[in-house]
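Here are some notes for a reader who is new to structures of this kind. They take up the contact between the chains, and then a few charged pairs one at a time.

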Amino acid sequence: MRHDIHDLIGKTCMTPDEGQKVYNLTYPELLANRPVELDFAGVEIFASPFFNFAIGQLLRDIPPDTLNRLLKFSNLNSVGRQVLKRVIENSKQYYSNENTRKAVDEVVSEQANSL
Amino acid sequence: MSVTLNIPTVNDELKDFDTLFQLWQQVGESCSDVTFDFSKCFFLKPNAVAFLGGLIRFIQSREGKTTINKDTLNNKVKMNLQQNGFMYTFCEDKEPWQGNSVPYREDAKQNKDGLVYYLAEQWLGRDWVQMGQNLRNVIVGRVWEIYANAFEHGRTDIGVFSCGQHYPKLNQLKLTVVDFGVGIPSNVRQFQNKPTLPVDKALEWAFQAGTSTRQGGVAGGVGLDYLKKFVKINRGKLEFFSQDGYVAIDENQEIYQSRQPFFQGTLVNITLQCEEALYILASDADDEEPLF
């Protein structure tokens, strides 16, 4: 499935709400193992809140390998790509830390239950 | 109680920001009637315009009455405040006009299209900056991060206030953005559950890549770090004043320190050089590398 981001959002992709809109379209398709193309032709201005919500949170429960295989970006200008890369790098670390926290919480919880 | 605020000449050196924050302190929480007296004011820079506009709204939001004593305005100051729309917003029917001032702007809520227009056309889009469209887009995206942070983390009922200016002799652009909400240090302390965290440590944490006080399970904290790097490349300067903390970032240094006087909200002052050659955007050598 291909999504024209300019038609969906406009020429500026900046806000959390806009990002959430893209996420809501993309996430169920990826979960169903269907390829997704996000076409950014005509989009001129990018800011990190958009990518945090549109793309970053996909990493919460979809592995990077799966995202590399299924999710494609077309016509994303160099600045947009830079911001996206930073967001992805940051999100991978964020969710890795979250998984670590969850694992620790589970251990603590089990220990508490065994007392 | 009634208070007269005597507004002095305000430049944008550190002591001038102190002056602004002392005005906020004078207002306190209980002023019901505040008069702004400009008898001793001969010049106002955009940091003062943005701050005074926000201060008026802050007072009004607490059911206070505000009066600008127009008779005390020096002609030069008055003309500047008319040109940038401040007088039209608060006390005059005369509409602003285009000059070296960037308009005074109030955003009660996040208005993306309006803000993009303000930054791209009213601040950057004039003939005073020789700048291609691509570069303009980059700057808008980076500076937007300041507003995004203010709206998401500032927790302010009255919104965000801005004013800017071009300085042709210095070949510089300046923009000030201020909110009167919760400051950065309080947000960080609450998020980390460390009520005694020193202000300089709280600020330093806030500017690291990947750190954010955002709740709700979505990563954040990229924007300010990206802006920081951009300012360094530009040989510009980025200053944050929040509560009793101060941040200064330029190409040579990053300063995070405790500093008085206390101001509850957050004020951001950004200076950019108007030289396109300074905007060297790193090319992506790794375009073929997997993104995730």
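1. Please keep in mind that this is a predicted model. Across the interface of chain A and chain B, 13 residue pairs are found in polar contact, with both residues of each pair at pLDDT 80 or more. On the side of chain A that touches chain B, the elements giving two or more residues are β4 (45-46), α3 (48-54), α4 (64-70), β5 (71-74) and α5 (78-114) of chain A. The largest share of that side comes from α5(A), which supplies 15 residues, and by class the side has 20 nonpolar, ten polar and seven charged residues.

2. The extent of the contact can be put in numbers: 37 residues of chain A and 35 residues of chain B take part. The size of an interface is often given as the accessible area lost when the parts come together. Here chain A and chain B bury about 3000 Å² between them, and 57% of this lies on carbon and sulfur atoms.

3. Side chains of opposite charge can pair when their charged atoms come close. Between chain A and chain B the count is two salt bridges, and a salt bridge joins the side chains of A:Glu18 and B:Lys112, at 2.4 Å from N to O.

4. Over all chains the structure holds 17 salt bridges. In one of them, B:Asp12 pairs with B:Lys45, with the closest N and O atoms 3.7 Å apart. Because B:Asp12 lies in the loop between β1 (2-6) and α1 (14-27) of chain B, and B:Lys45 in the loop between β2 (33-37) and α2 (46-61) of chain B, the pair ties together parts that are 33 residues apart in sequence. B:Asp12 counts as buried at 12% relative accessibility, and B:Lys45 counts as buried at 12%.

5. Is the salt bridge between B:Asp18 and B:Arg259 made by buried or exposed residues? Both residues are buried, and their closest N and O atoms are 2.6 Å apart. The pair links distant parts of the chain, since B:Asp18 sits in helix α1 of chain B and B:Arg259 in strand β8 (residues 254-273) of chain B, 241 residues apart.

6. A further salt bridge joins B:Arg235 and B:Glu251, whose closest N and O atoms are 3.7 Å apart. B:Arg235 lies in the loop between α9 (223-234) and β7 (237-250) of chain B and B:Glu251 in the loop between β7 and β8, so the pair ties together parts 16 residues apart in sequence. B:Arg235 is partly exposed at 48% relative accessibility, and B:Glu251 is partly exposed at 41%.

Conventions. Residues are numbered from 1 along each chain as its sequence is written. Chains are lettered from A and ligands numbered from 1 in the order in which they are written. This is a predicted model: local features need pLDDT of at least 70, side-chain atom pairs count only at pLDDT 80 or more; totals for chains, interfaces and linings use all residues. Side-chain values use heavy atoms; hydrogens and water are left out. Contact means heavy atoms within 4.5 Å. Buried area is the accessible area (1.4 Å probe) that two parts lose on being put together, summed over both. A salt bridge is a side-chain nitrogen of Lys or Arg within 4 Å of a carboxyl oxygen of Asp or Glu. A polar contact is a pair of N or O atoms within 3.5 Å; within protein, one must be able to donate a hydrogen and the other to accept it, and residues adjacent in sequence count only if both atoms are side-chain atoms. Helices (H or I, at least four residues) and strands (E, at least two) are DSSP runs, numbered from the N terminus. Ala, Val, Leu, Ile, Met, Phe, Trp, Tyr, Cys and Pro count as nonpolar, Asp, Glu, Lys and Arg as charged, and the others, Gly among them, as polar. Buried means under 20% relative accessible area, exposed over 50%, partly exposed in between (1.4 Å probe, protein chains only).
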